[in-house]
Amino acid sequence: MSFKKNKTYRKTKYVIYKETLVNVNEHFWAFLGSFIGLGIISFVQYQSLSKYDLTLLIGSFGATCVLIYGVIDSPLAQPRNLLGGHVLSAIVGVTIFKLVPIIWIAAPLAVSLSIILMQVTKTLHPPGGATALIAVTGGTSITELGYMYVLSPILSGVLILLIVALIFNNIPKNRRYPKRGFFLLNRRK
């Protein structure tokens with residue numbers, strides 16, 4: 001019993017210690033990637049699209065940046081999850097908005113169904129839940145887009161973030177993104 005406790009203590013100590021280390025190089029690349037990725041989306045939004053009342057910058061992209069620039073080793077941050085999670089959740093969100101007229105039912109239903117669909121398709125990406133929620137509660141500039149919401153802002157924004165992640169996460173020698181095959185399923189051995 002004592003050995004088990006000691007082993008658990010060592011693992012916990014290692015995880016806490018490793019996660020709290022200050023690695024300036026990692027912080028720099030996470031900052032630079034997220035700043036450039038969201039910066040491009042923001043620039044396009046405010047320089048080109050705002051005069052047409054089109055939306056490209058949505059809140060779930062902030063959470064996506066945390067994953068694809070800050071924790072690039074996470075299975076949830078891989079390109080398959082990034083693309084599939086956002087796109088499938090956007091489709092679910094728009095569909096639920098069109099089918100369920102009661103917002104307090106539509107909002108949790110869209111998020112819950114998007115979670116199930118991401119799990120089934122092995123594309124779980126937590127910001128996808130927010131993408132589904134935004135499709136339902138995003139206001140008229142979002143809900144009037146209908147299924148165009150899937151293409152823009154979702155797919156176009158995700159592709160911008162992915163391209164920037166592929167570039168900036170692979171510049172330093174100690175960072176590699178994606179970690180696994182680009183669109184391969186997670187396979188158990």
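The following exchange concerns salt bridges and one helix pair in a predicted model.

Q: How many salt bridges does the structure hold?
A: There are two salt bridges in the structure.

Q: Which residue does arginine 175 pair with?
A: Arginine 175 forms a salt bridge with glutamate 26, and their closest N and O atoms are 2.6 Å apart.

Q: Where do arginine 175 and glutamate 26 lie?
A: Glutamate 26 belongs to helix α2 (residues 24-49) and arginine 175 to the segment after α8 (148-168), so the pair ties together parts that are 149 residues apart in sequence.

Q: Is arginine 175 buried or exposed?
A: Arginine 175 is buried, at a relative accessible area of 1%. Its partner, glutamate 26, is partly exposed, at 24%.

Q: And what about aspartate 73?
A: Aspartate 73 forms a salt bridge with lysine 179, with 3.0 Å between the closest N and O atoms. This pair links distant parts of the chain, 106 residues apart: aspartate 73 is in the loop between α3 (60-70) and α4 (79-99), and lysine 179 is in the segment after α8. Aspartate 73 is exposed, with a relative accessible area of 53%, while lysine 179 is partly exposed at 37%.

Q: Turning to the helices, how do α5 and α6 cross?
A: The axes of α5 (residues 103-121) and α6 (residues 127-137) come within 8 Å and cross at roughly 150°. Angles over 145 degrees count as roughly antiparallel, and α5 and α6 are therefore roughly antiparallel to each other. Their crossing is right-handed.

Q: Which residues make the contact?
A: Among them are Ile103, Val111 and Met118 of α5, and Gly128, Leu133 and Val136 of α6. The contact residues divide into nine nonpolar, four polar and no charged.

Conventions. Residues numbered from 1 in each chain as written. Predicted model: local features only at pLDDT ≥ 70, side-chain atom pairs only at ≥ 80, totals over all residues. Heavy atoms only, no water. Axes fitted to C-alpha atoms, helices over the stretch in contact; angles between N-to-C directions. Helix = DSSP H or I, 4+ residues; strand = E, 2+ residues; numbered from the N terminus. Parallel < 35°, antiparallel > 145°, perpendicular 65-115°, else oblique. Left-handed = near helix turned anticlockwise from the far one by under 90°. Contact = heavy atoms within 4.5 Å. Nonpolar A, V, L, I, M, F, W, Y, C, P; charged D, E, K, R; others polar. Salt bridge = Lys/Arg side-chain N within 4 Å of Asp/Glu carboxyl O. Buried < 20%, exposed > 50% of the residue type's maximum accessible area, 1.4 Å probe, protein only.
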